[in-house]
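Welcome, and take a moment to turn the model around before reading on. We will walk through it together, step by step.

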Amino acid sequence: MITIKEMKTKKELTQFVKFPFSLYKKDSNWVPPLINDELESMDSNTNPVFKNAEARFFLAYKNDKPVGRIAAIINRIEIDEQGKPKMRFGWFDAIDDVEVTKALIAEVEKIGIANNLKWIEGPVGFSNMEKAGLLIEGFEYLNTMITWYNYPYYKEHFEKLNFEKASEWVEFKIQIPKKSPEKVEKFARIVQQRYKLKMIHFKNTKEIIPYVDDMFGLLNKTYSELSTFVPIQQYQIDHYKEKYIKYINPNYIKCIEDANGKLISFAITMPSFSNALKKANGSLWPFGFIHMLRARSKNDTAAFYLIGIDPEYQGKGLTAVIFQAMQDLFSANGITEVETNPELEENKAIQQLWKNYEHVMHKKRRTYKRDL
């Protein structure tokens, strides 16, 4: 018999967070999150997203043993301001038993129906700045710090339960040559001179802070037309500053200003933390922080996290300028491979960025939906 229990106390939420540690214990490609970071994200006292979101967390038990988990999420901005009556679910993990998945989904659906919502969709987080998507291709690769990993049978479970595809993301591995392709280098120089652009380089994290609000403002402009986009709120920006600044190597952030000193583009990459997180195994203490610091300063792999371009400058070649700056950075730091953040399959403009480099689409992930 399958029973569902809501996790409310810190002790219970810790059980919720730790469930995947046993589920994926023997899977070499699962990258564990930091337990304290997960707990903080689920705490309404520490995560400002709860100003406009609600979440409840559930564990499934079979014969008194935990066999699955799920989070039920309501994003009020999405519902009230964008008119999308969607019940979100995330942090989904389960053993290979479709009845467990069915029971967990049923718990989320009860909440959606009670709130007069029209469909259920996931796996997603609280907002667009969270992890999203069920992995459907690329199980042989490590997940990144900002993506979920799962077993192949998850897809089968949702399809058996009559879920259909909602959105799909693709991810790429890009090989970084020792020198930029000649046409990229030449074009970057022409574009920079034509528009009198200034590249901003950072020496420390303190120098980055004054630019962060404008970066997120550009994100809102860049992705506002995408079907899944929910505008990023100021309180979320402030939270992400605090949460992620400790991981950022300032050399890996590049900003571009126009002739008037207005920020018109930026790119954020980070050294890959996947192997470091595996070694840390959920905690920075006593030695996890050492692995993270090493990955931050010495690495041959990077992760491409965010890129924003003012709509006024889209299609004018700014990507070549950004890539030239990144090429110089990667060459100086021994980076030979870059993995992209998940990109919506319909976002062809972003996917065109990699056309001048040797690249391969190595992962796909998908959200599933069903009417309530």
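What volume does the second largest cavity have? Keep in mind that this is a predicted model. The second largest cavity has a volume of about 130 Å³. To find it, look for the residues closest to its centre, which are Trp 30, Pro 33, Arg 69, Trp 148 and Tyr 149, out of 14 that line it. The lining of this second largest cavity is made up of eight nonpolar, two polar and four charged residues. Counting cavities of 30 Å³ or more, the model has five.

Now step back to the whole chain. Its secondary structure amounts to 12 helices and 14 strands. With a radius of gyration of 21 Å, close to the 21 Å that the globule rule gives for 372 residues, the chain is as compact as a globular protein of that length. Its C-alpha trace spans about 70 × 45 × 35 Å along the principal axes.

How is the chain packed? Of its 372 residues, 56% count as buried. Among contacts with a separation of 6 or more, 77% are between residues 24 or more positions apart. As for the outside, the chain exposes about 17,500 Å², and carbon and sulfur atoms supply 49% of that area.

Let us finish with a single residue, His 157, which sits in helix H5, covering residues 153–160. Is His 157 buried or exposed? His 157 counts as buried because its relative accessibility is 3%, and the cut-off for buried is under 20%. Leaving aside residues up to four places away in sequence, His 157 touches Ile 95, Asp 96, Asp 97, Val 98 and Thr 101.

Terms used
Residues numbered from 1 in each chain as written. Predicted model: local features only at pLDDT ≥ 70, side-chain atom pairs only at ≥ 80, totals over all residues. Heavy atoms only, no water. 1 Å grid on protein atoms, 1.4 Å probe; cavity = no way out; pocket = protein on both sides within 12 Å on 5 of 7 lines; lining within 4 Å. Points joined across faces, edges and corners; volume = space filled by probe spheres on them. Nonpolar A, V, L, I, M, F, W, Y, C, P; charged D, E, K, R; others polar. Helix = DSSP H or I, 4+ residues; strand = E, 2+ residues; numbered from the N terminus. Buried < 20%, exposed > 50% of the residue type's maximum accessible area, 1.4 Å probe, protein only. Contact = heavy atoms within 4.5 Å. Rg over C-alpha atoms; globule rule 2.2 N^0.38 Å. Areas by Shrake-Rupley, 256 points an atom, 1.4 Å probe, with all protein chains shown as cover.
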